[in-house]
Amino acid sequence: MAQYEWQRIAHVIEEEIRSGRIPPGGALPSITRLAETHGVADRTIRRALRDLRERGLIETLPHKGSFVVDALPPSAATEGDGAVD
């Protein structure tokens with residue numbers, strides 16, 4: 001199934017968060033920097049960040065930037081997998 005660019009970028013950022021490369025409380029690069037890195041328009045990055053916010057992975061503070069939340073929700077891959085802690 002084909003993915004939109006914003007979905008691919010959101011997945012890349014989520015992987016960086018879940019792997020610890022961007023730790024809880026850590027700042028994401030600016031929208032401009034992310035757009036340059038991924039070779040896309042700012043609006044594509046904004047859409048990816050909106051998805052990450054809606055899924056509870058990041059929060060965005062006006063005039064400050066986007067940050068990883070302190071307590072990450074479970075990943076979609078691990079929800080409902082039947083694993084017992």
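Which residue follows α1, and is its phi positive or negative? The residue is Gly20, and its phi is positive, near 95 degrees. Keep in mind that this is a predicted model. Below is a quick tour of helix α1, the α2–α3 packing and a couple of residues worth finding on screen.

**Helix α1**
- Helix α1 takes in residues 5–18, which makes 14 residues. At 1.5 Å a residue the helix should span 20 Å, and its end C-alpha atoms are indeed 20 Å apart, so expectation and model agree.
- Its buried residues are Trp6, Ile9, Ala10, Ile13, Glu14 and Ile17. They sit on the same side of α1, because they cover an arc of only 140 degrees around the axis.
- What do these buried residues pack against? Their partners are two helices, α2 (31–38) and α3 (42–54), plus the strands β1 (58–61) and β2 (65–68).

**Glu16, also in α1**
- Glu16 belongs to helix α1 too, but it counts as partly exposed, with 25% relative accessibility.
- Setting aside residues up to four places away in sequence, Glu16 touches Arg21 and Ile22.
- Leu28 is 12 residues from Glu16 in sequence, and the two C-alpha atoms are 9.9 Å apart in space.

**How α2 meets α3**
- Two packed helices are described by the angle between their axes and by the distance between those axes.
- For α2 and α3, the angle is about 110 degrees and the axes are 9 Å apart. An angle of 65 to 115 degrees counts as roughly perpendicular, and therefore α2 is roughly perpendicular to α3.
- On the α2 side, the contact is made by Ile31, Thr32, Leu34, Ala35 and His38. From α3 come Asp42, Ile45, Arg46 and Leu49.
- Sorted by class, this contact of α2 with α3 has five nonpolar, two polar and two charged residues.

**The β1–β2 loop**
- His63 lies in the loop between β1 and β2. Its phi is positive, about 65 degrees, although His63 is not a glycine.
- Is His63 buried or exposed? His63 is exposed, because its relative accessible area is 87% and the cut-off for exposed is over 50%.

**After β2**
- Ser75 is found in the segment that comes after β2. With a relative accessible area of 14%, Ser75 is buried, since buried means under 20%.
- Which residues does Ser75 contact, leaving aside its neighbours within four places in sequence? They are Glu14 and Arg18. Glu14 is one of the buried residues of α1.

Note on methods:
Residues are numbered from 1 along each chain as its sequence is written. This is a predicted model: local features need pLDDT of at least 70, side-chain atom pairs count only at pLDDT 80 or more; totals for chains, interfaces and linings use all residues. Side-chain values use heavy atoms; hydrogens and water are left out. Helices (H or I, at least four residues) and strands (E, at least two) are DSSP runs, numbered from the N terminus. The expected span of a helix is 1.5 Å times one less than its number of residues. Buried means under 20% relative accessible area, exposed over 50%, partly exposed in between (1.4 Å probe, protein chains only). The arc is that of the directions from the helix axis to the C-beta atoms. Contact means heavy atoms within 4.5 Å. Axes are lines fitted to C-alpha atoms, for helices over the stretch in contact, and angles run from 0 to 180 degrees between N-to-C directions. Angles under 35 degrees count as roughly parallel, over 145 as roughly antiparallel, 65 to 115 as roughly perpendicular and the rest as oblique. Ala, Val, Leu, Ile, Met, Phe, Trp, Tyr, Cys and Pro count as nonpolar, Asp, Glu, Lys and Arg as charged, and the others, Gly among them, as polar.
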